[in-house]
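Visitor: I'm new to this one, so could you put it up and take me through it slowly?

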Amino acid sequence: MNNIEAVNGLFADYPDIVTHANLCDMLRISKNTAYELLRSGQLPYIKIGSKYLIPKSSIIDYVAHHLR
């Protein structure tokens with residue numbers, strides 16, 4: 001099993017597009033840290049109004065890439 005498959009299993013209960021709040025829950029990070037990840041370009045997102053929508057696949061890739 002590769003890193004992406006392992007991480008994908010961790011996030012199986014989340015929808016394909018997640019919110020900022022989901023991101024915080026998934027990564028167990030604060031709101032500010034989540035905003036930093038988004039604004040720095042480390043995680044792609046779509047912003048509609050004040051809502052951030054993040055592809056779950058991007059979060060999986062991000063986590064898999066940073067596993068040691």
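**Strands, helices and a loop**

Guide: Let us begin in the sheet, where I48 stands opposite K51 in β3. This is a predicted model, in which local features need pLDDT of at least 70 and side-chain atom pairs count only at pLDDT 80 or more, while totals for chains, interfaces and linings use all residues. Residues are numbered from 1 along each chain as its sequence is written, and side-chain values use heavy atoms, with hydrogens and water left out.

Visitor: And what do you call a strand or a helix here?

Guide: Both are DSSP runs numbered from the N terminus, helices being H or I over at least four residues and strands being E over at least two.

Visitor: OK, in what order do the three strands of the sheet come?

Guide: The order is β1-β3-β2 in an open sheet, and the pairing is antiparallel; two strands pair if DSSP finds at least two bridges between them. At the edges are β1 (17-19) and β2 (46-48), each of which pairs on one side only. Neighbouring strands are turned by 35° against each other on average, direction ignored, where the axes are lines fitted to C-alpha atoms, for helices over the stretch in contact, and angles run from 0 to 180 degrees between N-to-C directions.

Visitor: How many bridges join β2 to β3?

Guide: Three bridges join those antiparallel strands, and K47 has Y52 of β3 as its bridge partner. The hairpin of β2 and β3 has two residues between the strands, and G49 takes a positive phi near 65° there. On the other side, β1 and β3 also pair in the antiparallel sense, over three bridges, with V18 opposite I54 in β3.

Visitor: Which side chains of β3 are buried?

Guide: Y52 and I54 are buried and point to one face, whereas K51, L53 and P55 point to the other and are not buried. Buried means under 20% relative accessible area, exposed means over 50%, and partly exposed is in between, using a 1.4 Å probe and protein chains only. In a regular strand the side chains alternate between the two faces of the sheet.

Visitor: You mentioned Y52, so which aromatic cluster is it in?

Guide: Y52 forms one aromatic cluster with Y35 and Y45, and the structure holds three aromatic pairs. Rings of Phe, Tyr and Trp (its six-membered ring) pair if their centres lie within 6.5 Å, and planes under 30 degrees apart count as stacked, over 60 as edge-to-face and the rest as tilted.

Visitor: Switching to helices, which residues of α3 are buried?

Guide: In helix α3 (residues 31-39) they are A34, L37 and L38. These residues lie on the same side of α3 because they cover an arc of only 95° around the axis, the arc being that of the directions from the helix axis to the C-beta atoms. The face turned away from that buried side carries the exposed residues N32, E36 and R39. The cover over the buried residues of α3 includes α2 (20-27), β3 (51-55) and α4, and just after α3, G41 takes a positive phi of about 90°.

Visitor: What about α2, which of its residues are buried?

Guide: The buried residues of α2 are H20, L23, C24, M26 and L27. Their arc around the axis is only 165°, so they are on the same side of α2, and they pack against β1, α3, β3 and α4.

Visitor: What happens at R28, just after α2?

Guide: R28 takes a positive phi of about 55° there, although it is a residue other than glycine, and it lies in the loop between α2 and α3. R28 is also exposed, at 71% relative accessibility.

Visitor: Which residue forms a salt bridge with R28?

Guide: That partner is D25, with the closest N and O atoms 3.8 Å apart. A salt bridge is a side-chain nitrogen of Lys or Arg within 4 Å of a carboxyl oxygen of Asp or Glu, and by this rule the count comes to one. D25 itself is partly exposed, with a relative accessible area of 39%.

Visitor: Last one: is S58 buried or exposed?

Guide: S58 is buried, with a relative accessible area of 14%, and its place is in helix α4 (residues 56-66). Leaving aside neighbours within four places in sequence, S58 is in contact with L43 and P44, contact meaning heavy atoms within 4.5 Å. S58 and N8 are 50 residues apart along the chain, and their C-alpha atoms are separated by 11 Å.
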